[in-house]
Amino acid sequence: MSTRSVQVPTPDGTADAVVASPDDGERHPGVLLYPDIIGPRPVIHEMAERLAAHGYHVLVPNLFYRHGPAPVVEVPDLTVPENREAFFREALPLLHEHTVERALADAGAYLDFLAARPEVRPGPVGTVGYCFGAVLAVRTAAARPDQVAAAAGFHPGSLVTDAPDSPHRLASDIAAELYFGFAEHDDGMKPEDIARWDEAMDEAGVTCTSEVYPGTVHGFTMADTSAFSPSGLDRHWKDLVPLLDRNLTTD
């Protein structure tokens with residue numbers, strides 16, 4: 001495996017990022033991995049490496065690069081619940097400043113960067129996101145339907161809101177196959193929200209699988225937080241990799 005730091009040109013500057021890929025001299029399908037609000041860090045890099053080991057060239061950008069290189073906010077030990085409040089007090093303003101317009105401009109830059117890399121096989125790419133990164137994965141799929149063939153999200157942020165640009169209202173723009181793994185206990189996506197999400201995807205004819213992971217809370221894939229569920233993380237791999245394989249790989 002090869003993991004290295006890269007710089008991605010964007011309309012607003014340069015985003016620091018990490019790429020992980022098999023070190024075999026071959027070209028592999030590209031995957032854009034959107035981290036959660038905590039941002040790129042060792043546990044995210046490990047996840048990118050594990051995904052790359054399945055035969056993918058994975059790009060993990062620092063979503064808040066406009067405020068500096070990662071980590072933009074120093075990350076305490078989030079396995080201690082008491083540390084969460086102070087961290088999110090600093091991080092949430094960054095999330096609020098990451099507007100839809102910024103997200104879409106960045107998404108185009110990230111996908112163009114992937115497409116230009118000699119290690120990336122020409123053809124469809126995938127997106128995967130965690131927490132609010134899952135919302136970005138949906139927006140990216142809707143913005144580039146001719147390029148994104150698979151999109152996945154785990155313990156996603158709010159996919160259903162009353163806003164005119166709510167992610168669920170983008171269904172008619174999506175050509176990708178979708179997979180979403182929801183936490184059983186998550187105020188951000190309650191059962192009624194999941195039902196509205198599924199209804200919107202069904203009405204638009206989007207191939208979408210939504211599953212609730214029993215016994216999990218928001219953030220269950222993240223091994224460096226108190227929300228971590230080892231069984232949830234394992235199941236996430238079993239659901240994510242086949243989605244990418246059937247949409248991105250060719251004979």
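**Entry 1: aromatic pairs**

I began with the rings and found that the structure holds eight aromatic pairs. The model is predicted, so I treat every value here as computed from it. A pair of aromatic rings is described by the distance of the centres and the angle of the planes.

I looked up Phe180 and Trp197. Their ring centres are 5.1 Å apart and their planes stand at 70°, so I noted the pair as edge-to-face. The cut-off I needed for this is that planes over 60 degrees apart count as edge-to-face. Which elements hold the two residues? Phe180 is in strand β7, and Trp197 is in helix α5, residues 191-204. The pair therefore ties together parts that are 17 residues apart in sequence.

I then checked whether these two residues are buried or exposed. Phe180 has 0% relative accessibility, so it counts as buried. Trp197 also has 0% and therefore counts as buried.

My next pair was Tyr213 and Phe220. Their centres are 5.0 Å apart with 35° between the planes, and the pair is tilted. Both Tyr213 and Phe220 are buried. Tyr213 has a further partner: the charged end of Arg235 sits over its ring, 4.2 Å from the centre.

I also wrote down one aromatic cluster, formed by Tyr130, Phe154 and Tyr179.

**Entry 2: the whole chain**

How many helices and strands does the chain have? I noted six helices and eight strands. Along the sequence they follow the pattern β-β-β-α-β-α-α-β-α-β-β-α-β-α.

I checked the overall size next. For 251 residues, a compact globule would have a radius of gyration near 18 Å; the chain has 17 Å, so the two agree. The C-alpha atoms fill a box of roughly 45 × 45 × 35 Å along the principal axes.

Buried residues make up 53% of the 251 residues. The accessible surface comes to about 10700 Å², and 50% of this belongs to carbon and sulfur atoms. I also looked at contacts between residues at least 6 apart in sequence: 75% of them join residues at least 24 apart.

**Entry 3: helix α3**

I took helix α3, residues 100-116, and tested its length. At 1.5 Å a residue, its 17 residues should span 24 Å; the end C-alpha atoms are 24 Å apart, so the expected span agrees.

Which residues of α3 are buried? My list is Ala103, Asp106, Ala107, Gly108, Ala109, Tyr110, Leu111, Phe113 and Leu114.

Ala115 is also in helix α3. Its relative accessibility is 53%, so Ala115 counts as exposed. The cut-off for exposed is over 50%. I also took a distance from this residue: the C-alpha atoms of Ala115 and Thr221 are separated by 28 Å, and the two residues are 106 apart along the chain.

**Entry 4: Asp173**

Where is Asp173? I found it in the loop between β6 (148-154) and β7 (177-185). Its relative accessible area is 39%, so I recorded Asp173 as partly exposed.

I listed its contacts, leaving out residues up to four places away in sequence. Asp173 touches Ala141, Ala142 and Pro145. For Ala141 I also noted the C-alpha distance to Asp173, which is 8.1 Å, although the two residues are 32 apart along the chain.

**Entry 5: backbone points**

Most residues other than glycine have a negative phi, and most peptide bonds are trans. I looked for departures from this.

Which peptide bond did I note as cis? The bond joining Ala70 and Pro71 is cis, with omega about 0°. Pro71 is in the loop between β4 (57-61) and α2 (82-97).

Cys131 has a phi near 55°, which is positive. This residue is in the loop between β5 (125-130) and α4 (132-143). Cys131 has 14% relative accessibility, so it counts as buried. The cut-off for buried is under 20%.

His155 has a positive phi too, near 35°. His155 lies in the loop between β6 and β7. Its relative accessibility is 1%, so His155 counts as buried.

Conventions
Residues are numbered from 1 along each chain as its sequence is written. This is a predicted model: local features need pLDDT of at least 70, side-chain atom pairs count only at pLDDT 80 or more; totals for chains, interfaces and linings use all residues. Side-chain values use heavy atoms; hydrogens and water are left out. Helices (H or I, at least four residues) and strands (E, at least two) are DSSP runs, numbered from the N terminus. Buried means under 20% relative accessible area, exposed over 50%, partly exposed in between (1.4 Å probe, protein chains only). Contact means heavy atoms within 4.5 Å. Rings of Phe, Tyr and Trp (its six-membered ring) pair if their centres lie within 6.5 Å; planes under 30 degrees apart count as stacked, over 60 as edge-to-face and the rest as tilted. A charge sits over a ring if NZ of Lys or CZ of Arg is within 6 Å of the ring centre and within 35 degrees of the ring normal. The radius of gyration is taken over C-alpha atoms; the globule rule is 2.2 Å times the number of residues to the power 0.38. Accessible areas come from the Shrake-Rupley method with a 1.4 Å probe; for residues, only the protein chains shown count as cover. The expected span of a helix is 1.5 Å times one less than its number of residues.
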